[in-house]
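Open the structure in your viewer and keep the selection box at hand. The tour moves from one selection to the next.

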Amino acid sequence: MLYPIFEYLDQVWDVPGAGVFRYISFRAGMAALVSLIITITFGNQIINWIRNRQIGETVRDLGLEGQAQKKGTPTMGGLMILAAIVIPTLLFGDLDNIYIILLLVTTIWLGGIGFVDDYIKVFKKNKEGLKGRFKIVGQIGIGVIVGATLYFHEDVVIREFSTPVSVESGVVETPAFQDVKALKTTIPFVKNNELDYERLLGFLGESVTPILYILVVIFIITAVSNGANITDGIDGLAAGTSAIIGLTIAIFAYLSGNAIFSQYLNIMYIPNSGELVIFASAFIGACIGFLWYNAYPAQVFMGDTGSLMLGGAIAVMALTLRKELLIPIMCGIFVIENLSVVLQVSYFKYTKKKYGEGRRIFLMSPLHHHYQKKNIPEAKIVTRFWIVGILLAVITLATLKLR
């Protein structure tokens, strides 16, 4: 909202200082600051508002230490995160940018699905919440929107340079280039770090390629969204992990949107993708601000309102930056948590069918509950998961030069 105003003041009225608002670094800093202010400054008021309406967590008895104390803790705190992402992005982002539009739609869409789920659990006293099939339908819906937009929208392009960008004596030489529609993405450990979906799927025909691409997008959004949802099981784990991933994506967004840096580091240059730094900064600020109240012992839980939305936003940011194939590394915590559930359920069913009794790989899934069962303090589990998340973020950034 503020971006076009300051652009007008700078270009039409030539107001001194108005041009600074066009700098991504300035707007990103302001977005992060406002996001932190919303969550930290107004956090207590929001938590009290939730508590006064008796929106408390209903805890299932899983036999975990300290579980009983969590009963009644205000939930649906994801509304804090939602506001702290959307408001700064609306204020400081370029709302004509297709990537910003996609991320705002995704954030509100998945936040809405999570809100309905939490509402059913809290107000309807139904512990199961929104039926799984409705969640999946909602995730498929946003997957179709995102996939179709990335495939067909004319502003979603990559820039190919005919000569390398060079800097000599402080003067930037602008090379010849062309913006092309392409289904290229980033893949580590191979020459040029690029994979072209169209070459991979081209033999199936032009009519089939977009369908398969949209199916890939649906799978990625659903998997990462549910991964974040599963990870949100102990205080501060999902919010802290998401902040680490958000910082990694913000770095990619800044580099991918800068012609010089992207060429120097051999990263795909994506015109207008630098604007994602604004969203990513608000995202990081929201997660860190929420941690102020969600760190152990938590004063508020995000609920599905927050977790589904955080995972979906991460997936869409990765897709728009052509970094979705780095998700297994970058979002390794989400992947491990997801896999622990899949392995536990699959092995239990297999052994029950074969031996007549179900056996387990872990003491409990997802994985963080396994460590809780081993009587490791909750705060230590979260800290160790964060350390692993930071290591995975460093590896993700390093993989692009390992080829």
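**Stop 1: a charged cluster**

Select Lys135: its relative accessibility is 14%, so this residue counts as buried. This is a predicted model. Now add Asp304, which forms a salt bridge with Lys135, the closest N and O atoms being 3.0 Å apart. Asp304 sits in helix α12 and Lys135 in helix α6 (residues 132-152), so the bridge ties together parts 169 residues apart in sequence. Asp304 is buried too, at 7% relative accessibility.

Add Lys121 next. Its side chain meets that of Asp304 in a salt bridge of 3.7 Å, N to O. Lys121 belongs to helix α5 (residues 98-123), 183 residues from Asp304. With a relative accessible area of 26%, Lys121 is partly exposed.

**Stop 2: a strand pair**

Select Lys184 and Glu194, whose side chains form a salt bridge (3.7 Å, N to O). Lys184 is in strand β5 (residues 184-186) and Glu194 in strand β6 (residues 194-196). Glu194 is partly exposed, at 34%. The whole structure has eight salt bridges.

**Stop 3: two helices**

Show α9 (residues 237-256) and α11 (residues 276-294). They pack at about 160°, axes 9 Å apart. That angle makes α9 roughly antiparallel to α11. Their crossing is left-handed. Contact residues include Gly246 and Leu247 of α9, and Phe283 and Ile284 of α11. By class, the contact has 15 nonpolar, four polar and no charged residues.

**Stop 4: Thr396**

Is Thr396, in helix α16 (residues 378-399), buried or exposed? Buried, at 0% relative accessibility. Beyond its neighbours within four places in sequence, Thr396 contacts Thr248, Phe252, Leu326, Ile329 and Met330.

Methods
Residues numbered from 1 in each chain as written. Predicted model: local features only at pLDDT ≥ 70, side-chain atom pairs only at ≥ 80, totals over all residues. Heavy atoms only, no water. Axes fitted to C-alpha atoms, helices over the stretch in contact; angles between N-to-C directions. Helix = DSSP H or I, 4+ residues; strand = E, 2+ residues; numbered from the N terminus. Parallel < 35°, antiparallel > 145°, perpendicular 65-115°, else oblique. Left-handed = near helix turned anticlockwise from the far one by under 90°. Contact = heavy atoms within 4.5 Å. Nonpolar A, V, L, I, M, F, W, Y, C, P; charged D, E, K, R; others polar. Buried < 20%, exposed > 50% of the residue type's maximum accessible area, 1.4 Å probe, protein only. Salt bridge = Lys/Arg side-chain N within 4 Å of Asp/Glu carboxyl O.
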